[in-house]
Amino acid sequence: MNSFTVEEYHARITQTKLRMQEQGMDVLLITDPANMNYLSGYDGWSFYVDQMLMIFTDRVQPIWIGRKMDANAAKVTTWLNEENILYYPEDHIHSQEKHPMDFIARVLQDIGVASRRIGLEMASYYFSALAYEKLKVNLPNAKFINASLLVNKVRIIKSDQEIEYIRRAAIIAGIGMNTAIASIQEGVRECDVAANIFRDLVSGTESFGGDYPSIVPLLPAGKNTSTPHLTWTDRQYTNDEVVIIELAGCHRRYHAPMARTLSLGRPSEEVLETSKILVEGLNVAIEAVKPGATCEEVEMAWRSVISKYGIEKDSRMGYSVGIGYPPDWGEHTASIRSGDLTILQPNMTFHMIPGLWFDDFGVEISETIRVTESGCEVLTDFQRELIIKDQIEIAM
């Protein structure tokens, strides 16, 4: 079942081909599963082996190539005609003698493009150095061009249907956050909280379900809140400690991340004051979001607040978000930071995460937002403040 109409996929292909032509490419070889999904609809947990979507400036449909046992997944999930779904033999999997790129190169030779200008997603997590070397050996007359982020930049402005999926993901994120806050208690194991969050992120609502997020819930607690990317252990929570909860709802592979900070018991004045500064800065940054503004200008609005309190933050405070597969839900294009002059346009979506991390504690409160025709729509919906567990009640 396709998530979009064939007409929308054709429009995406057209925009991709225009960028290919601008950069002098005849062929584009896509290995990023998010870009593969965006252009073809392909969706399967098969990105641990080599697979590829080929775009040609002079062909209407792309060609998908993957493992033999995954070809039926392409038939089920993509809009492609069956003759454009190819597979390499099973003896190419994890072999010392054969490689999937050997087969892929032969396909390019058979089509007659072995000497053309071929774009490669050089920065893709899913395109190995060995795959590149195999292509170079098998296609010695091709001119390879770095096509990293070409499709990502097409993806940055969402269609109305994409926005609807992100809105649903935002609802799921709220469900997951409620579950996290209700589950975190003194004496409860971190791993059991993670299990509860996963259950509800996948269950979603009665109207629509959730998908696996590209990043697992991040749950640093106590002094571990000084760093943002820790997950969980089997230790038990204790009273009077702070817990950061960063998670994302995911629907049809579209993400809506959200972070909140929870205090079990009364927080220290340092944590409480930091959270107030963070929220003040986030609110000002959200107000600065509008078409025509730059990412840098939004970051400057945030920085103007924290600098009043003598705080510096050298990491970005937001990034473009949308389709994602492990290990990341970010689009790797626009970042809300100094020096990024990307001009905001309607239906761009960002995760605004102005986390502040110090030597022995940290605070995160974030939102997923959409640039509207006149300003900003906050898609995630949860109380934007430090959550003090002994002062509120959250229903499971």
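**Reading a predicted two-domain model**

Reader: How far apart do the end C-alpha atoms of residues 164-373 lie, and how much of the span is helix and how much strand?

Author: The end C-alpha atoms of residues 164-373 lie 16 Å apart, and the span is 31% helix and 24% strand. Please bear in mind that this is a predicted model. In an unreviewed UniProt entry, residues 164-373 carry the annotation "domain: Peptidase M24".

Reader: Which other stretch does UniProt annotate as a domain, and how much of it is helix and strand?

Author: The record, again an unreviewed entry, places "domain: Creatinase N-terminal" at residues 12-157. Across residues 12-157 the chain is 37% helix and 18% strand, with 11 Å between the end C-alpha atoms.

Reader: Into which domains is the protein divided, and how many residues of each are in contact with the other?

Author: The division gives domain 1 (6-155) and domain 2 (160-395). Their C-alpha centres are 33 Å apart. At the boundary, 16 residues of domain 1 are in contact with 14 residues of domain 2.

Reader: I should like to turn to the interior. Which residues of the largest nonpolar core touch the most other members?

Author: The largest nonpolar core has 36 residues, and those touching the most other members are Leu28, Ile30, Leu39, Leu53, Ile55 and Trp64. This core takes at least three residues from each of domain 1 and domain 2. A second, separate core holds 32 residues, among them Ile156, Ala293, Val298 and Met317.

Reader: With which residues is Trp64 in contact, leaving aside its neighbours within four places in sequence?

Author: Trp64 is in contact with Met36, Tyr42, Gln51, Met52, Leu53, Asp70, Ala71, Ala74, Leu80, Asn84, Ile85 and Leu86. One of these, Leu53, is also among the core residues that touch the most other members.

Reader: Is Val27 buried or exposed?

Author: The general idea is a cut-off: a residue counts as buried when its relative accessible area is under 20%. Val27 has a relative accessibility of 1%, and therefore counts as buried. Val27 lies in strand β1 (residues 27-30). The C-alpha atoms of Val27 and Met54 are separated by 7.0 Å, although the two are 27 residues apart along the chain. Not counting residues up to four places away in sequence, Val27 touches Met20, Ile55, Phe56, Leu108, Val113, Arg117, Ile118 and Gly119.

Reader: Where does Thr274 lie, and why does Thr274 count as buried?

Author: Thr274 is part of helix α9 (residues 269-288). Thr274 counts as buried because its relative accessibility is 6%. Beyond its neighbours within four places in sequence, Thr274 is in contact with Leu356, Phe358, Phe361 and Val363.

Reader: How is empty space in a model to be read, and how many cavities of 30 Å³ or more are there?

Author: Rolling a probe the size of a water molecule over the atoms shows where empty space is left. Here the count comes to two cavities of 30 Å³ or more. The largest cavity has a volume of about 90 Å³. It is lined by 13 residues, and Asp32, Ala34, Asp328, Gly330 and His332 are the closest to its centre.

Reader: Which elements supply the lining of the largest cavity?

Author: At least two residues come from each of α6 (150-155), β9 (318-325) and β10 (328-335). The most come from β10, which gives four residues.

Reader: What is the volume of the largest pocket, and which residues lie nearest its centre?

Author: The largest pocket has a volume of about 290 Å³. Of its 15 lining residues, His229, Glu246, Arg316, Tyr319 and Ile353 lie nearest the centre. Strands β9 and β10 each supply at least two residues of this lining.

Reader: Let us consider the backbone. Which peptide bond is cis, and where is Pro327 placed?

Author: The bond from Pro326 to Pro327 is cis, with omega near 15°. Pro327 sits in the loop between β9 and β10.

Reader: What is the phi of His332, and what is that of Asn347?

Author: His332 has a positive phi of about 65° although it is not a glycine. This residue lies in strand β10, and with a relative accessible area of 37% His332 is partly exposed. Asn347, likewise not a glycine, has a positive phi of about 75°. Asn347 is found in the loop between β10 and β11 (349-352), and at 10% relative accessibility Asn347 counts as buried.

Definitions and conventions:
Residues are numbered from 1 along each chain as its sequence is written. This is a predicted model: local features need pLDDT of at least 70, side-chain atom pairs count only at pLDDT 80 or more; totals for chains, interfaces and linings use all residues. Side-chain values use heavy atoms; hydrogens and water are left out. UniProt positions are given in the numbering used here, feature names are shortened, and annotations may be inferred rather than shown by experiment. A nonpolar core is a set of buried Ala, Val, Leu, Ile, Met, Phe, Trp, Tyr and Cys residues joined through side-chain atoms within 4.5 Å. Buried means under 20% relative accessible area, exposed over 50%, partly exposed in between (1.4 Å probe, protein chains only). Domain bounds come from an automatic or database domain assignment. Contact means heavy atoms within 4.5 Å. On a 1 Å grid over the protein atoms alone, a cavity is a set of points where a 1.4 Å probe fits but cannot get out, and a pocket is an open set with protein on both sides within 12 Å along at least five of seven lines; lining residues have an atom within 4 Å of a point. Grid points are joined across faces, edges and corners, and a volume is the space filled by probe spheres set on the points.
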